[in-house]
Amino acid sequence: MIVDLVIINAQVFNTFTKKFEKKNVLIVEDKFYFITADEIENYQVVEVVDAKNQYMIPGLMDIHMHIESSMTSPSIFSEAVLTHGVTTVVADAHEIANVFGMEGLEAFFSQPSAMDIFYAIPSSVPSTTPELETTGGYIGVEEVKQLLQHPKVIALGEAMNFNGIVNEPDSLIRQILRAVQSERPFMPLEGHVPCVSGLELAKFIYAGITADHTQQSPESIYEKITNGMFLEFQKKSITPENIRVVVENGFYDYMAIITDDVMADDLLEGHLDANVRLAIFSGMPVEQAIYCATYTPARRMGFQDRGAIVPGFKADFLLLNDVENFEIGSVYKDGKMVYKRGNDIQYPALKPDFPKHFYTSLHCRALTSEDLRFKVKAAEKAVVNVIQISEVGTFTEHVQQEVSVEDGFLDWENSGLALIVVMERYGKTGNIAYGFVDRALYEKGAVATTWAHDHHNLMVMGTSLEDMIAAQKQLLDIQGGYVVVQAGKVQAVCPLPVGGIISDEPIQELGAQLKEVRQAMNRLGYRNSNEIMSFSTLSLPVSPVIKITDKGMMNVRSQLIIPLVEGEPI
């Protein structure tokens, strides 16, 4: 018999005992054939790799993530992430769907990739309703039924509309849930369930949602898992206190390590491997961390051909030089080495291919100074509603503040607050919405983006009228991305011309550009554990507590619009 590859002398991870054992692993074509401690005899072997002093584990699997969060194409993303040991992902492409709808999804599905990319149906396009945010695309029940037939679709992506799930039995998201449960009753249904407990949590689970990936606390972990939810731990949930709950209760079978969102500059340093290292550092035994990044995600998604090193499974695996520090020596996909530490990826470069009109998707007028002047009734001071950000995470608070009035207009530039503007960019309504943000920019300047969760309308935030106008103009000129302006000069720019959310440049160049944006935001005083994500999610109306869309500021839980100036018309 011909054996294509034999890995000898490796410390092989046994998924079912959660122990490393010195074994030889035979691979035929793209699958594991035989794992044995015996000498290899009576086989015609094409290639032998001596893995002495190395640890062999299954390829990592990320089952909740968004390729668009890395602001690159599936082709470029797959090459970058393979170097971090990730061989399979389940992507929820709801960002490109919010911009281009079904056409955007088909464009993603058709991209060549070096790794295995499966997809979850975007269940929340828009994340709330068309009455609360304007999007370029729309995914309804009929679109969901079409996507259920696609061979790459294996799950329903995160259901986010709180009111629709809990309080509105005939809402679009409830109709989508019923359609999936009817046509694919065993399909995993992913949820977005932040700060929900008690009866409201029970209502989410009763609707069929069986997983959550949002920011967790020790209390939420225990409540959700003991109520039958599968938890997916992204970076901000991987803390010593959270991991302690998992370890003390032996919750490993009911969780997986995932990424959710990894910015392009962070992707240069790590991906799922970084979160595995963080879990180990936070107190999770290394064998359990491997288990929760390989086998439990595979089981959650219903895979029957990967996640362990056993006969018949796909030969996707890593050789680790140092298991405690999770140092990757080499990566194998389908039994072939695609990356070796210190070398470039061993895979032909893949070129993204998008329709030409994806590069000209901003249909939005230029801002003027008159757009940024607010006449009010108050004579001396007006009370305004404010989005207050935090230095960690993406949650916000609703506060109020007095702003001086000069000649009948708000003197917002001297208020200590930043003005935020969201402009509808799809050429549908021309809506412009306004809000104020606290703890954002402490210097005069502006930040603008079209990467605004999830509707991706054009968003500008600033403390200077002139800088806001300049930032918005630059954003229109480059057809989307991120721009930082200070004293009338562009300080940093990261073009994302594909739908205003994606670059087709090499990941190294894209990462460097985004890093410059991050640094320029820091110089303006923006402070957060992830500045880019914090800014971009100010527009996400399903993330607590107060956010803004092109329809206005709103209370996320009640979905009621909040006026810019208290007591005056919206």
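## Two parallel strands, β13 and β14

Let's start with a pair of strands: β13 (residues 211–212) and β14 run parallel and are joined by 2 bridges. Within this pairing, A211 has F230 of β14 as its bridge partner. Keep in mind as you explore that this is a predicted model.

Now look at the two sides of β14, which covers residues 230–233. In a regular strand the side chains alternate between the two faces of the sheet. On one side of β14 you will find F230 and E232, and on the other L231 and F233. Are these four residues buried or exposed? They are all buried, so both faces of β14 are covered.

Another buried residue to look up is I221, which belongs to helix α8 (residues 218–226). Its relative accessible area is 0%, so I221 counts as buried. If you compare its position with that of A91, which is 130 residues away along the chain, the two C-alpha atoms are separated by 24 Å.

## A sheet of three strands

Next, find the open sheet made of 3 strands in the order β28-β29-β30, where the pairing is antiparallel. Which strands form the edges? They are β28 and β30 (561–562), each of which pairs on one side only.

Strand β28 spans residues 546–549, and β29 spans residues 552–555. These two strands share 4 bridges in the antiparallel sense, and a hairpin connects them through 2 residues. One place to see the pairing is at T549, which stands opposite G552 of β29. On the other side of the sheet order, β29 and β30 are held in antiparallel pairing by 2 bridges. There, M554 has I561 in β30 as its bridge partner.

The side chains of β28 are worth a look too. I546 and I548 point one way, while K547 and T549 point the other way. All of these residues are buried.

## Salt bridges around K314

How many salt bridges does the structure contain? The count comes to 21. One of them is formed by D116 and K314, whose closest N and O atoms are 3.9 Å apart. D116 lies in strand β10 (residues 116–121) and K314 in the loop between α13 (295–300) and β16 (317–322), so this salt bridge ties together parts that are 198 residues apart in sequence. Both D116 and K314 are buried.

K314 also meets the side chain of D334 in a salt bridge, with an N to O distance of 2.7 Å. D334 is found in the loop between β17 (327–333) and β18 (336–340), 20 residues from K314. How do the two compare in exposure? K314 has 13% relative accessibility and so counts as buried, whereas D334, at 23%, counts as partly exposed. Stepping back, you can trace a network of salt bridges that links D116, D305, R306, K314, D316, K333 and D334.

## A salt bridge between two helices

Another salt bridge joins R518 and E531, with their closest N and O atoms 2.9 Å apart. It links helix α15 (residues 507–523), where R518 sits, to helix α16 (residues 531–536), where E531 sits, and the two residues are 13 apart in sequence. R518 counts as buried because its relative accessibility is 11%. E531 is buried as well, at 9%.

## Aromatic rings and their partners

Rings are another good thing to hunt for, and a search of the whole structure finds 15 aromatic pairs. One of these brings together F251 and Y254: their ring centres are 6.5 Å apart and their planes meet at 70 degrees, so the pair is edge-to-face. F251 is buried, at 7% relative accessible area, while Y254 is partly exposed, at 42%. Elsewhere, F100, F108, F354 and F358 make up one aromatic cluster.

Rings can have charged partners too. The charged end of K18 sits over the ring of Y291, 4.0 Å from the ring centre. For R373, the charged end sits over the ring of F409, 3.9 Å from its centre.

## A nonpolar patch on the surface

To finish, turn to the surface. M1, Y33 and F34 make a nonpolar patch of about 290 Å². Y33 belongs to strand β4 (residues 31–36), and its relative accessibility of 36% means that Y33 counts as partly exposed.

Methods
Residues numbered from 1 in each chain as written. Predicted model: local features only at pLDDT ≥ 70, side-chain atom pairs only at ≥ 80, totals over all residues. Heavy atoms only, no water. Patch = residues over 30% accessible without salt bridge, like charges linked within 9 Å, V, L, I, M, F, W, Y side chains within 5 Å. Areas by Shrake-Rupley, 256 points an atom, 1.4 Å probe, with all protein chains shown as cover. Salt bridge = Lys/Arg side-chain N within 4 Å of Asp/Glu carboxyl O. Buried < 20%, exposed > 50% of the residue type's maximum accessible area, 1.4 Å probe, protein only. Phe/Tyr/Trp six-rings, centres within 6.5 Å; stacked < 30°, edge-to-face > 60°. Lys NZ or Arg CZ within 6 Å of the ring centre and 35° of its normal. Pairing = 2+ DSSP bridges.
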